[in-house]
Structure formats: structure tokens, C-alpha cells
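Colleague: I'd like to learn how to read empty space and helix packing in a model. Could you walk me through an example?

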Amino acid sequence: MDQFLHIIINQQSRNSDDTFKKLLLELPNYTNNYKIHITDNIFQLEQLIKDLKETITAEQLVVTVGGDGSLNQTVTFLEKYGLKNDIGYIPAGSGNDFARAHGIPVKTEKAIAHLFHVKEATELSILQATQGDHEHYAVNSLGIGLDGLVNEVVNAKDGKKSLGPTSYIAGVFSAFVKQKKFAITIKVDQGVYTFDDVQMALIANNSYFGGGIKIAPEADDRDDFLDVIIANDVSTSNLLNIFPRVLINQSHLLHPKLHFFKTKQVAIFTESEQTAQKDGEVFKQKGFAYTFSTKKRSFWI
């Protein structure tokens with residue numbers, strides 16, 4: 001690898017301090033052609049990307065060190081400021097679902113070695129959600145309703161320090177009793193569908209969410225398709241039936257309360273105010289009228 005590396009470390013990520021120390025020890029074994037940028041919050045990250053636009057050259061690599069949310073924010077600001085640079089990734093978060101989907105080691109030393117053994121960039125599809133002037137991006141998934149509420153519950157409890165299947169499932173049962181059902185209309189390649197008692201609408205670009213839960217087994221960001229899962233009128237007994245199937249053999253999408261679509265584009269409309277998540281980053285909004293599609297982006301993975 002001959003490219004200059006801009007390495008961006010999100011100090012809010014779970015393992016950022018430990019990862020930073022290992023980077024300082026390991027990087028000189030591979031290259032001295034890099035600069036480390038440390039950010040404490042999303043505002044500093046945006047300013048950094050904005051400043052980089054003035055100096056970065058097309059062949060230089062942007063490497064994110066952090067969790068799925070950190071990668072999401074980097075992708076979002078690179079898109080916002082029109083920077084097409086390849087993106088590298090060293091996982092240092094709690095969920096690390098993007099790393100899991102792409103076989104990137106979670107141990108820092110091995111992740112660094114992996115980064116430098118890559119010979120060329122891989123073109124992947126990222127998820128793009130548009131509503132008027134508002135845009136969201138995601139590398140893994142964007143979820144509305146229960147999924148967003150679960151992330152909010154888990155964050156409030158321990159700040160994602162122990163995110164994984166066990167803590168996520170515990171969060172599901174805690175959030176399930178709080179989640180109010182809402183009506184939603186979706187337009188997919190197969191047609192237009194309305195559901196009246198929705199608890200979750202998930203648009204998946206990769207198979208994993210929640211720190212290793214294979215919620216969308218067929219989702220693959222190497223294609224141009226999105227996997228849409230609608231949970232409609234799920235009872236507690238339904239939930240107890242669905243989750244073992246998610247964890248054991250991924251047969252949950254056959255459950256009659258889950259509705260699955262594979263589509264190149266999807267439009268979602270609901271007037272309800274809901275909590276949502278994009279790669280684990282929580283946001284709230286009253287009314288959703290988003291169009292979802294994919295967009296090509298090169299990753300050094």
C-alpha cells in the first residue's frame with residue numbers, strides 16, 4: 001500500500017483508547033505515510049472532513065477507527081462534501097456488524113494487517129435514504145420503530161459497552177412493551193403494501209445488526225438490492241417464537257407476522273412519530289416519507 005492514510009479515530013467509540021495505543025505501536029511496521037486525526041464528537045468530525053476537502057487528493061485513503069456508528073458518520077460526511085476517496089476500516093466499537101459482514105478482524109493488530117494486505121478497493125453499495133432535502137446513509141441498516149427504540153434503551157443502559165446478541169435481545173423485550181403500533185405504507189418493486197399494526201420497519205443492506213444478530217440472512221452490500229422486513233402485529237408469544245429462529249437457523253422470515261421484500265428501491269410513509277436508527281445511531285422524527293436506494297462507494301477492505 002503506497003497511499004497516504006488519513007486515520008480518523010472516534011474517541012467516543014468503546015475501544016478507542018486501547019485501539020489508539022495499538023495503532024501507534026503497529027503502524028510503523030507497515031508505513032510512516034499517515035496522519036492520525038482524533039475527534040471527540042460528530043461536529044469535530046464534520047469540520048475535519050470539511051477541512052480535508054481543501055487538501056486531500058483522490059488517491060489518499062480515509063481510514064475510520066471506531067464502531068458502525070463512526071463508520072456511518074464518516075460515510076455521511078464524505079458524501080455530503082463530495083469526497084470519493086476509498087474508505088478503510090479498523091473496528092473499535094461494540095457491535096462491529098460491518099466488520100463481521102466483511103471478515104475484518106476485530107482485534108486491532110489483525111485488523112491493521114488486514115488493511116495493509118488489501119491490494120485494491122472493493123465497490124460496495126451503501127444505503128441512501130432521501131426525504132426532500134434530508135438525507136441519511138447507512139452501511140448496515142436503517143430501522144424505524146422497535147429497532148430504533150432498542151438501540152435507545154441499550155445506549156441508555158450501558159452506552160453500548162456490551163452490545164451483542166444477549167444485550168440486544170434483552171433490549172428488545174424491554175422496548176417491546178413500550179413500542180406502540182403504527183400504520184405504514186411501503187412501495188417496493190413488487191407493489192404497494194399497507195400495514196396497520198407495525199412495530200418495526202427495517203431496511204437492511206447487510207445481514208447483521210445488534211452486534212451479531214443475522215436479521216436479514218440474504219442481505220448483501222455487494223449487490224444493488226435492499227432487504228425490507230416489516231414486523232406487523234407481533235404478540236409476546238410471537239416474539240418468543242421468532243427470536244430462537246433468528247439465533248438458531250435464521251428461519252424467522254417464514255413467520256407470518258414478518259413480511260419480507262427484496263427490492264432495488266423502497267419508499268416508506270408513516271405519519272407516526274418514531275424512534276429510528278442508522279447503523280446503531282439513534283434519531284427521532286415525526287412522520288417518515290423516505291425513498292431508499294443504493295449508491296456505490298469504494299472501500300479498502
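Colleague: Let's begin inside. How many residues line the largest cavity, and which lie nearest its centre?

Modeller: Happy to help, and please keep in mind that this is a predicted model. The general idea first: rolling a probe the size of a water molecule over the atoms shows where empty space is left. Here, 20 residues line the largest cavity, and Leu 146, Met 200, Ala 231, Leu 239 and Phe 243 are the ones nearest its centre.

Colleague: How many cavities of 30 Å³ or more does the structure hold, and what volume of space lies in the largest cavity?

Modeller: The structure has one cavity of 30 Å³ or more. The space in the largest cavity comes to about 230 Å³.

Colleague: Which elements each supply at least two residues of that lining?

Modeller: Both helices and strands take part: helix 6 (146-158), helix 7 (165-176) and helix 8 (236-248), together with strand 9 (191-204) and strand 12 (226-232), each supply at least two residues. Helix 8 has the largest share, with four residues.

Colleague: And how do the residues of the lining divide into nonpolar, polar and charged?

Modeller: The lining of the largest cavity has 17 nonpolar residues, two polar ones and one charged one. Keep those counts in mind when we turn to a pocket.

Colleague: Then let's do that. Which residues lie nearest the centre of the second largest pocket?

Modeller: Ile 42, Thr 76, Phe 77, Glu 135 and Lys 278 lie nearest its centre, in a lining of 14 residues. Helix 3 (68-80) and strand 6 (134-138) are the elements that give two or more residues to this lining. Helix 3 gives the most, namely six residues. The volume of the second largest pocket is about 270 Å³. By class, its lining has three nonpolar, five polar and six charged residues.

Colleague: Helix 3 makes me curious about packing. At what angle do helix 2 and helix 3 pack, and how far apart are their axes?

Modeller: Read the angle and the axis separation together. Helix 2 (residues 42-52) packs with helix 3 at about 40 degrees, the axes being 10 Å apart. That angle is why helix 2 counts as oblique to helix 3. Helix 2 passes helix 3 in a right-handed crossing.

Colleague: Which residues of the two helices meet?

Modeller: From helix 2 there are Ile 42, Leu 45, Glu 46 and Ile 49, and they meet Gln 73, Thr 74, Phe 77, Leu 78 and Lys 80 of helix 3. Five residues of this contact are nonpolar, two are polar and two are charged. You met Ile 42 and Phe 77 earlier, among the residues nearest the centre of the second largest pocket.

Colleague: Going back to the cavity lining, how do helix 7 and helix 8 pack?

Modeller: Their angle is about 165 degrees and their axes lie 12 Å apart. Helix 7 is therefore roughly antiparallel to helix 8, and their crossing is right-handed. In helix 7, Ile 169, Val 172, Phe 173 and Phe 176 meet Thr 236, Leu 239, Leu 240, Phe 243 and Leu 247 in helix 8. This contact has eight nonpolar residues, one polar and no charged.

Colleague: One last pair. At what angle do helix 1 and helix 5 pack, and which residues meet?

Modeller: Helix 1 (residues 16-26) and helix 5 (residues 108-117) pack at about 50 degrees, with axes 9 Å apart. So helix 1 is oblique to helix 5, and helix 1 passes helix 5 in a right-handed crossing. Thr 19, Lys 22, Leu 23 and Glu 26 in helix 1 meet Thr 108, Glu 109 and Ile 112 in helix 5. Two residues of this contact are nonpolar, two polar and three charged.

How values were computed: Residues are numbered from 1 along each chain as its sequence is written. This is a predicted model: local features need pLDDT of at least 70, side-chain atom pairs count only at pLDDT 80 or more; totals for chains, interfaces and linings use all residues. Side-chain values use heavy atoms; hydrogens and water are left out. On a 1 Å grid over the protein atoms alone, a cavity is a set of points where a 1.4 Å probe fits but cannot get out, and a pocket is an open set with protein on both sides within 12 Å along at least five of seven lines; lining residues have an atom within 4 Å of a point. Grid points are joined across faces, edges and corners, and a volume is the space filled by probe spheres set on the points. Ala, Val, Leu, Ile, Met, Phe, Trp, Tyr, Cys and Pro count as nonpolar, Asp, Glu, Lys and Arg as charged, and the others, Gly among them, as polar. Axes are lines fitted to C-alpha atoms, for helices over the stretch in contact, and angles run from 0 to 180 degrees between N-to-C directions. Angles under 35 degrees count as roughly parallel, over 145 as roughly antiparallel, 65 to 115 as roughly perpendicular and the rest as oblique. A crossing is left-handed if the near helix is turned anticlockwise from the far one by less than a right angle, and right-handed if clockwise. Contact means heavy atoms within 4.5 Å.
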